[in-house]
Amino acid sequence: MKKLLIAYYTETNTTKEIAERIAGLAAEKAWDCDIRTLSELASVKGYDAVLIGAPVHGMHWVPQANVFVEKYREDLKNIPTAYYLVAYLLNCSRPFFQKLIRKSLDKASDWVAPVKSGLFDGRVKREFPAFARWLFGVKKGTAVDLRDWEQIESWGKAFVGDLDR
Ligand SMILES: Cc1cc2nc3c(=O)[nH]c(=O)nc-3n(C[C@H](O)[C@H](O)[C@H](O)COP(=O)(O)O)c2cc1C
């Protein structure tokens with residue numbers, strides 16, 4: 001059985017739940033999936049594919065994710081590797097911030113070119129206060145969980161489909 005590693009970083013489980021959904025799709029296609037936090041991994045050896053998922057903080061993919069890619073870059077270069085980011089402000093903020101978020105996988109992509117990259121809307125615990133809404137350009141009443149499960153599933157299916165090709 002081919003082995004897929006989904007390695008993630010999370011603070012409030014949003015990224016983890018996405019990892020689990022994608023692992024479910026991969027399992028349906030007979031992939032043996034390990035879902036691990038970045039911090040519990042000491043190697044990426046032995047996997048036939050790797051997916052690294054992490055949220056965006058300060059308009060950047062969290063440093064833990066970049067550190068992981070840089071650390072294992074020589075091994076990852078020999079394994080089909082994909083990335084996804086999870087960002088609340090991906091589509092609901094001013095274009096300036098959206099642009100920064102969309103560029104935030106660039107560093108990792110320079111180290112190890114991904115076979116696929118996913119950009120997913122995220123979740124916050126509560127609605128932003130008025131000042132933050134004004135600063136980031138988020139409309140009042142914007143849902144706290146903006147994840148689009150159809151988009152995530154369709155990305156996940158395409159990712160697994162490409163690996164099987
Ligand atoms: C400290 C902190 C900083 C954040 N900064 C950003 C940001 O700059 N841009 C953004 O789109 N979302 C930001 N977020 C929101 C997260 O990207 C979003 O909530 C994501 O879904 C969290 O994923 P997680 O539950 O896996 O940690 C931030 C969240 C936290 C906790």
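## Burial, contacts and the ligand shell

Biologist: Which residues does Leu-85 touch, once residues up to four places away in sequence are not counted?

Modeller: Leu-85 touches Ala-54, Pro-55, Val-56, Trp-61, Ser-104, Leu-105, Leu-119 and Phe-120, where contact requires C-beta atoms, placed from the backbone, to lie within 7 Å. This is a predicted model, in which local features need pLDDT of at least 70, side-chain atom pairs count only at pLDDT 80 or more, and totals for chains, interfaces and linings use all residues. Residues are numbered from 1 along each chain as its sequence is written.

Biologist: What makes S5 a mostly covered strand?

Modeller: Strands are DSSP runs of E with at least two residues, helices are runs of H or I with at least four, and both are numbered from the N terminus. A residue is buried if 20 or more other C-beta atoms, placed from the backbone, lie within 10 Å of its own, exposed if 12 or fewer do, and partly exposed in between. By that criterion 7 of the 7 residues of S5 are buried, with Thr-81, Tyr-83, Leu-85 and Ala-87 on one side and Ala-82, Tyr-84 and Val-86 on the other.

Biologist: How do you know that S5 pairs with S3 and, on the evidence of bridges, with S6?

Modeller: Two strands pair if DSSP finds at least two bridges between them. S3 and S5 are parallel over 6 bridges, with Leu-51 opposite Ala-82, and 6 bridges also join S5 to the parallel strand S6 (residues 116–121), where Tyr-83 stands opposite Ser-117.

Biologist: Which members of the largest nonpolar core touch the most other members?

Modeller: A nonpolar core is a set of buried Ala, Val, Leu, Ile, Met, Phe, Trp, Tyr and Cys residues joined through C-beta atoms within 7 Å. Of the 47 residues in the largest one, Ile-6, Val-50, Ile-52, Ala-65 and Leu-85 touch the most other members. S1, H1, S3, H2, S5 and H7 are the elements that give this core two or more residues.

Biologist: Why is Phe-136 called partly exposed?

Modeller: Phe-136 has 17 other C-beta atoms within 10 Å, a count between the two burial limits, and is therefore classed as partly exposed. Phe-136 lies in helix H6 (residues 130–136) and, leaving aside neighbours within four places in sequence, is in contact with Leu-89, Ser-93, Arg-94 and Phe-97.

Biologist: Why does Ala-30 count as exposed, and what is notable about its phi?

Modeller: Ala-30 has 10 C-beta neighbours inside 10 Å, so it meets the limit of 12 or fewer and counts as exposed. Its phi is near 70°, a positive value in a residue other than glycine, whereas most residues other than glycine have a negative phi. Ala-30 lies in the loop between H1 and strand S2 (32–37).

Biologist: What makes the chain as compact as a globular protein of that length?

Modeller: The radius of gyration, taken over C-alpha atoms, is set against a globule rule of 2.2 Å times the number of residues to the power 0.38. The chain, with 7 helices and 6 strands, has a radius of 16 Å, close to the 15 Å that the rule gives for 165 residues, so it is as compact as a globular protein of that length.

Biologist: Which residues come nearest to the ligand?

Modeller: A residue is near a molecule if its C-beta atom, placed from the backbone, lies within 6 Å of it. Of the 20 residues around the ligand, Thr-14, Thr-15, Ala-87, Leu-89 and Gly-122 come nearest, and S3 gives the most to this shell, with 3 residues.

Key
Two residues are in contact if their C-beta atoms, placed from the backbone, lie within 7 Å.
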